[in-house]
2 protein chains.
Amino acid sequence: MTHDALADGLPDISLVKDAVQRLQGHAVRTRLLESALLNERLGCRFFIKPEMLQRTGSFKFRGAYTRISRLTDTERAGGVVAFSSGNHAQGVAAAATMHGIASTIIMPEDAPSIKVENTRALGATIVPYNRFTEDREQIAETICAEKKAAMVRPYDDKDIISGQGTVGLEIAEDLEILGLSADIVIAPCGGGGLISGTALALSDASPTTKVWAAEPEGFDDTVLSLVKGKRVINDPNARTICDALASPTPGILTFELNRQLLAGGLVVSETDIGKAMREAFRTFKVVVEPGGSVALAAALTGKLDVAGKTVVAICSGGNVDADLYAKILNSSD
Amino acid sequence: MTHDALADGLPDISLVKDAVQRLQGHAVRTRLLESALLNERLGCRFFIKPEMLQRTGSFKFRGAYTRISRLTDTERAGGVVAFSSGNHAQGVAAAATMHGIASTIIMPEDAPSIKVENTRALGATIVPYNRFTEDREQIAETICAEKKAAMVRPYDDKDIISGQGTVGLEIAEDLEILGLSADIVIAPCGGGGLISGTALALSDASPTTKVWAAEPEGFDDTVLSLVKGKRVINDPNARTICDALASPTPGILTFELNRQLLAGGLVVSETDIGKAMREAFRTFKVVVEPGGSVALAAALTGKLDVAGKTVVAICSGGNVDADLYAKILNSSD
């Protein structure tokens, strides 16, 4: 059975607003962070949206909780199943436990150990698989059928996209308090759930905002797909330090939204990513994982003209192993 | 001329409430952070107050801004002078620049380079001194007299204490939203400005809360002074990784408040501090400097019975050099 993501049509803004209500009191209402020194350096009002401070250390909790909260009691009875490199895994595990239901997560054997350990600690059963030889979606479908469990997809799902979209509404709300509106919002892009939801939210709450996707080299499938007007697939031999963004191709729903709503895409190198992680450490005192830093990296490289503008980079997660983080802090290229 | 800290009497709660108004829109309203996994591990509701997210990377901005905002135009005309290992320096520099006045900061030659660089970037003139052979207070008094500048003391001052006390009011407010009140609040203690202000605020906003001081080994002057009932001086040969807490003895005003208001003091080792910094990295995704982590360290060591309670550890700052931070992340003792 192939998943037909488009069967129900695209999510709309009312679904994002409903997600805000569902997440109230359960998700962390993260607040934009700003630095006077960085503003001066970049010549703009520059903010980060610190989603590493979100429950489970990334924005993924928003979508997972929204999706599970919308399941019927019957759908929930068999628990939930998800496949994920780690951040979605933790979001689903936490959200399932909060709803009192079981979760089974299919995770790559080479996922960062902090992500695997936390997912297990949050109450999930872990099923490891080999990213290069096995099909995680097929494994998940099989387990769903056996357990009569509900699938919680990582991005190509209306409920997930609408949950992640709450990030966009919060950005608009925080800026409004300061009498500002965003000229530019940059978001990391893997499968595209965060950025498509954010763009959907901002198309309503802040229609003049330009939303840009940021991707790491080798996994610039959304950037290329936007240029070609159709979904392209990354080279299967590509590797990246950004485990959170290693999706092979854009989602169907997410790309349809992104095609309509995004201003464009930006590609960053591993050197740019290291610089961004060190900037977040030094300037904002927050831990950003490699995949979580690509939007900040894109902003810092000067690929966009930000002078005099109001700019937000979403830092989407902070689940990085200590040894890798220390290595990146000590590096200076 | 010796500074007579007690001449005006002790600060009271109305001064803290006034500081809240002054800081509105200028300081970051930091929100308590919580982790379901850590709650489970500690068997309590456990929160950190993340003051590394404060403007200039530590709580010190609160007191500095409050003090400068209360100077008369005449007092402000000659600018301000401060002595500091680095966090107060940055707070004063930022607050002075925001008020459009000059600042001169006397800083130890061996202060972390991130603190010196940021203080200069924030607009201050730096005067280096030797911590072991020179008297920073005397240097500051001389410059004040020459420039007709106002001194912004690091802790033994009503305005400073009342500004830092806003941390306590915010803790009470955040917990009230959750239907909780703090049983225990633990704060790092150097000269005692943060903890005395916090204890003063909580004595009004949450009178059943027990407030504990945390100090590093060798600089446990407040812990010892509380036991002896009078201010004692640390061994001048003592050294600590906690540059932010290396004050020789409690302040006069701060100790008078602490003597009346604190439940007691807790001493932590450098091993405890490393563990706490790694816990903050892994669990909360925030950067805590050594001195900023001593309250968290005290909570994690199990020195207090926290079972079933509501506990807050103030993480007071995140200004730590990358190489030291990486070394601590890589350590595992």
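Start between the two chains: the count between chain A and chain B is 0 salt bridges. Keep in mind that this is a predicted model.

**Stop 1: the two chains**

Colour chain A and chain B separately. Lay chain A on chain B: a turn of 180° and a shift of 0.0 Å along the axis give an RMSD of 0.0 Å. That is how a two-fold axis relates its copies. Both copies use the same surface, since 100% of the contact residues of chain A recur in chain B.

**Stop 2: the surface between the chains**

Select the residues in contact. Chain A gives 28 residues and chain B gives 28 residues. About 2,200 Å² is buried between the two chains, and carbon and sulfur atoms give 72% of that area. Now pick out L37(A), F281(A) and K285(A). In chain A these lose the most area to chain B, together 30% of what that side buries.

Polar links here can be listed too. There are 4 residue pairs in polar contact between chain A and chain B, both residues of each pair being at pLDDT 80 or more.

Which helices of chain A should you select on this side? Take α2 (36-42), α6 (113-121), α13 (270-284) and α15 (322-330) of chain A, each of which supplies at least two residues. Then highlight α15(A), the source of the largest share, with 6 residues. Colour the side of chain A that touches chain B by residue class. You will find 17 nonpolar, 5 polar and 6 charged residues.

**Stop 3: two domains in chain A**

Hide chain B. Select 12-58 together with 159-329 of chain A: this is domain 1. Then select 61-156, which is domain 2. The C-alpha centres of these two domains of chain A are 23 Å apart. Their contact takes 41 residues from domain 1 of chain A and 28 residues from domain 2 of chain A.

About 2,700 Å² is buried between domain 1 and domain 2 of chain A, with 51% given by carbon and sulfur atoms. Show R22(A), T56(A) and I160(A) as sticks. On the domain 1 side, these lose the most area to domain 2 of chain A, together 23% of what that side buries.

**Stop 4: charges and helices between the domains**

How many salt bridges are there between domain 1 of chain A and domain 2 of chain A? The count is 7. Zoom in on E51(A) and R62(A). They form a salt bridge, with the closest N and O atoms 2.6 Å apart. Across the interface of the two domains of chain A, 19 residue pairs are in polar contact, both at pLDDT 80 or more.

Next, select α1 (13-23), α8 (158-164), α9 (166-177) and α12 (252-261) of chain A. These are the elements that give two or more residues to the side of domain 1 that touches domain 2 of chain A. α8(A) gives the most, with 6 residues. Colour that side of domain 1 by class: it divides into 13 nonpolar, 17 polar and 11 charged residues.

**Stop 5: one more salt bridge**

Over all chains, the structure holds 42 salt bridges. For a last view, centre on D157(A) and R67(A). Their side chains meet in a salt bridge, 3.8 Å from N to O. D157(A) sits in the loop between β6 (150-151) and α8 of chain A, while R67(A) is in helix α3 (residues 60-69) of chain A, so the pair ties together parts that are 90 residues apart in sequence.

Key
Residues are numbered from 1 along each chain as its sequence is written. Chains are lettered from A and ligands numbered from 1 in the order in which they are written. This is a predicted model: local features need pLDDT of at least 70, side-chain atom pairs count only at pLDDT 80 or more; totals for chains, interfaces and linings use all residues. Side-chain values use heavy atoms; hydrogens and water are left out. Domain bounds come from an automatic or database domain assignment. Contact means heavy atoms within 4.5 Å. Buried area is the accessible area (1.4 Å probe) that two parts lose on being put together, summed over both. A salt bridge is a side-chain nitrogen of Lys or Arg within 4 Å of a carboxyl oxygen of Asp or Glu. A polar contact is a pair of N or O atoms within 3.5 Å; within protein, one must be able to donate a hydrogen and the other to accept it, and residues adjacent in sequence count only if both atoms are side-chain atoms. Helices (H or I, at least four residues) and strands (E, at least two) are DSSP runs, numbered from the N terminus. Ala, Val, Leu, Ile, Met, Phe, Trp, Tyr, Cys and Pro count as nonpolar, Asp, Glu, Lys and Arg as charged, and the others, Gly among them, as polar. Copies are superposed by least squares on the C-alpha atoms of residues with pLDDT of at least 70 in both.
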